[in-house]
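Okay, thanks for coming, everyone. I'll put the sequence and the structure up, and then we'll walk through them together.

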Amino acid sequence: MAARLTGFLILALFGSKASCDHERDFSKLPAHRLEVFQQLATFSGASRYRRDASPSRSARQADSSPSCGGGSSDRASLKNNTHTYIFEDDDGSTVTLAWVGDGTGIILALTTFNLPLSWLFGGTSRLYRSEDYGKTFADISDLLVNYYIRQAFGINVGPVHSKKAILTAIESNQKGRGGIIIRSVDSGKTFHSVRLLFHPSVPMVYNPVNSNYLLAYSVDHDLWLSRNFGTTWIKLHIFVYTFSWGPGNTIFFSTHPNAIYDTNAKGLLELKRTTDFGKTFTTLLTKIYSFGFAGRFLFASVISNLTQPRSVYVSADQGDSWNKAQLPSVSHEQFYSILAADDEMIFIHVDEPGNTGFGTIYTSDDRGILFSKSLENHLFSDATGTTDFSNVTSLRGVYITNVLDEDNNIRSVITFDSGGEWKPLKKPDNVHCDTTAKDSKMCNLHIHAAYSISQTLDVPLPPLTAPNAIGLILAHGSVGDTISTMIPDVYVSDDGGYTWSKALTGPHYYAILDSGGLIVAVESHPDKAIQKIKYSTDEGQCWKDYNFTNETFMFVGLVSEPGIKSMNVSIWGYRQESRYRTTWLSITIDFEELLTRDCVEKDYIRWLAHSTEGGTKNDGCILGYKETFQRLAKASVCRNGRDYVINKEQSSCPCNMGDYMCDFGYYRVGTSDKCVEQPDLKDRVLEFCLQGKEELLNTQGYRKVPGDKCEGGFSPNRSEQMTNMRCEQMLSVKDPVPKITTIIIVISVLAASVLMITGIILIFKKYVCGGRALVYRYSVLQTNTDEVCIADNLDSSRSNTERIYHDDSDVDLLE
């Protein structure tokens, strides 16, 4: 479905390893949300009742990062502000946490124990509520009498800090026909149950801006709507395949034209829209495979013929008009994946044919139609459906991902200009190159992310950034010519990824607090008790230790309130009481008394983002403008506070070639910024199809990068001229029209007839059979040289068993 569980985390003590079950569909694009999903820890592979736990690896070397010690005053302050809560007599095997409301300090904790065949017998569940960031909890399980809360549905928290929460329940006596939800509108202070007319198959989906509006998907594949926070429901449509909220009250969904549900019907579906809560419906597209909504763009992959590859169509007006994205079509064994999208541009991954495990990233123009190749050999695991593509939210235009080279080695690359150029990550100055590196000149930092986690490497967390911690990145990685499978270390960047330093030896769980003013970390030791937390007040340059307990504590997860403004962090785990009995523990440390004063103006410095040492006049110019931030000086030991607001100044830059992409028919040679015309397209007229009408493109070879705000300076001419000629949704090439001279006037009637017949044949080929077409690449523009009307089924000879994993898949991703 279009929604995913948000606003909670799950801590598990035993059972199978938690995995991300990718529904290979555009509709799985993340909706607009303010909650932060943190699946911080899953303890698996060992029974919670195991008594003789031992270290899972040999002792590591000491941290190479500077240790600042831990003064007695610091330890005394932290000890006075360390709070332990014991969940007595709770046999839950998992704990689900949710923060309800912004800055309220209210946490709901749900423990569950699943019985065998839980779909039939259910299990047991208990509910707790904290009003002080987890320092103490009240057991409110009496609200759940006769109910088992379905762990897979989690605690479904509403958007925009609405204080709303939903628990999806199973009644112990199984009397009712429909399902049951238990709702709260006051951050869990009170709950009220509602019996449904259906059984939900996924968590309720909140409208992004109005938390009273809910969508629910039933086990019978029907779509239901509530406009009063689940009190009453109406059936919006039967036999729905996928759905998504759009802007305002808009709802998109796909359904079968014959009103049936067939899992093999992809490619035959219709995309529909309602803007009046189901009173009327509008069919937007037919023969769709999947769809999704992100940023301001509505996407759909369409199969015009079941024997043909499918293509992506894009709408920027909620489906009223569509244009075919200038991307390569994909076969049934391939997939598309929207990596990121906002109001200005789209990152999309296009899978390569064959079982390669990689593809190509393309970036769009501001209409989402014309795409440019951004990065080849982009890693995207076929087996797990994961990619390492990460948005560095602390600085605009920065993304990190991994590529797969010809030797199947994985290497990390970073872009600072929204995909215009990708570079290796610089080697940190405080580490040596891996001795296994074959070439010291190729010694770089390589980042572990979702793919490494899916391969069960010792990587507890993916890279961590936050919008209000400017320039700060925490990540696991290794240094060498390729990524290493050895135990990774923690690296930190304080300038958005330009430079890095090794912060901690070995894998850690980490969290950012106080808008970046404080970082905390706990070593990752599966099956080994821990007692120590590390913290840094200077963005990871030096670390202090604090022993938070003297008991044997089996660590499970490190959690803090989403939004990184809090000064509280909770360490979750359990204590082994006996061979067959354990007890959940939560130890919350409040760092507010450690940072005893509020930051004042002298604690901050001015910092020019994207700047380099000894930079030029245009240093810091990215996407056409500079940003100067007021950020906390590393030597300042103070608290930003919950009311901290980022202070920044912007100034425009003069345009240069770097502010432009190469236009259709042009490409860059080597590292040059100059766009040169592709030889085989010289003197050709470029055209593309926009809303069914042919447009002619007049260009000097450059088009501005979406979102670029440069002014003046380099300003190449570029225009698009609409014609009245109808067209198919594809990019094409025309030979230039010859100049008419007086000699042509005396051409004989016979010659004119021949030209007319020839023209009819050409028109027939162009509009009936497809003609010659430019395909997808702005810099390596190619022509389809296959004979028209002969090779119209290029994909039919490909084996459908070549890659079973993506046979029904258009992948999305986010996170």
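**A walk through the chain, from core to cysteines**

So, before anything else: this is a predicted model. Keep that in mind as we go.

Let me start with the overall make-up. We've got 815 residues in the chain, and 54% of them are buried. For secondary structure, the count is four helices and 56 strands. And if you take contacts between residues at least 6 apart in sequence, 58% of those join residues at least 24 apart.

Right, on to the inside. In soluble globular proteins, nonpolar side chains tend to be buried together. Here the largest nonpolar core has 39 residues, and the ones touching the most other members are V520, I533, F548, L558, I589 and F591. Which strands feed into this core? Several give at least two residues each: β33 (489-493), β34 (501-504), β35 (508-513), β36 (518-523), β37 (532-536), β39 (554-559), β40 (568-578) and β41 (581-590).

Let's zoom in on I533, one of those well-connected members. If you skip its neighbours within four places in sequence, I533 still contacts V520, A521 and V522, then K544, D545, Y546 and F548, and also L558, V569, I571 and I589. Some charged names turn up on that list too, K544 and D545.

There's another core, apart from that one, with 25 residues. Its members include I414, F416, M661 and V705.

I414 brings me to a tryptophan, because I want you to look at W422. Actually, let me put that plainly: W422 touches I414. The tryptophan sits in the loop between β29 (410-415) and β30 (423-424). Is W422 buried or exposed? Buried, with a relative accessible area of 13%. Setting aside residues up to four places away in sequence, W422 touches S374, L375, F389, Y399, T401, V413, I414 and T415. Take Y399 from that list: Y399 and W422 are 23 residues apart along the chain, and their C-alpha atoms are separated by 9.1 Å.

While we're on loops, have a look at D222. You'll find D222 in the loop between β13 (214-217) and β14 (223-226). This aspartate counts as buried, at 8% relative accessibility. Leaving out neighbours within four places in sequence, D222 is in contact with A216, Y217, K235, H237, I238 and F239.

Now the cysteines. Quick reminder for anyone who needs it: a disulfide is a covalent bond between the sulfur atoms of two cysteines. How many disulfides does a search of the whole structure find? Four. I'll go through three pairs.

First up, C599 and C638, with an S to S distance of 2.0 Å. The angle about the S-S bond is 100 degrees, and the link is right-handed. C599 is in the loop between β41 and β42 (604-608), and C638 is in the loop between β43 (625-632) and β44 (647-652), so this pair ties together parts 39 residues apart in sequence. C599 is buried at 15% relative accessible area, and C638 is buried at 1%.

Next, C621 and C653, whose sulfur atoms are 2.1 Å apart. This link is left-handed, with -90 degrees about the S-S bond. C621 is in the loop between β42 and β43, C653 is in the loop between β44 and β45 (654-655), and the two are 32 residues apart. C621 counts as partly exposed at 23% relative accessibility, whereas C653 counts as buried at 3%.

Then C655 and C710, with sulfur atoms 2.0 Å apart. We're back to a right-handed link, at 95 degrees. C655 is in strand β45 and C710 is in the loop between β51 (702-704) and β52 (711-713), so the pair ties together parts 55 residues apart in sequence. Both of these cysteines, C655 and C710, are buried.

Last stop, the cavities. The search of the whole structure turns up six of 30 Å³ or more. I'd like to show you the second largest, which has a volume of about 150 Å³. It has 16 lining residues, and the closest to its centre are S515, G516, E539, R631 and L632. What sort of residues make up that lining? Six are nonpolar, six polar and four charged.

That's my tour. Happy to rotate the view to any of these spots.

Key: Residues numbered from 1 in each chain as written. Predicted model: local features only at pLDDT ≥ 70, side-chain atom pairs only at ≥ 80, totals over all residues. Heavy atoms only, no water. 1 Å grid on protein atoms, 1.4 Å probe; cavity = no way out; pocket = protein on both sides within 12 Å on 5 of 7 lines; lining within 4 Å. Points joined across faces, edges and corners; volume = space filled by probe spheres on them. Nonpolar A, V, L, I, M, F, W, Y, C, P; charged D, E, K, R; others polar. Core = buried A, V, L, I, M, F, W, Y, C linked by side-chain atoms within 4.5 Å. Buried < 20%, exposed > 50% of the residue type's maximum accessible area, 1.4 Å probe, protein only. Contact = heavy atoms within 4.5 Å. Disulfide = S-S within 2.5 Å.
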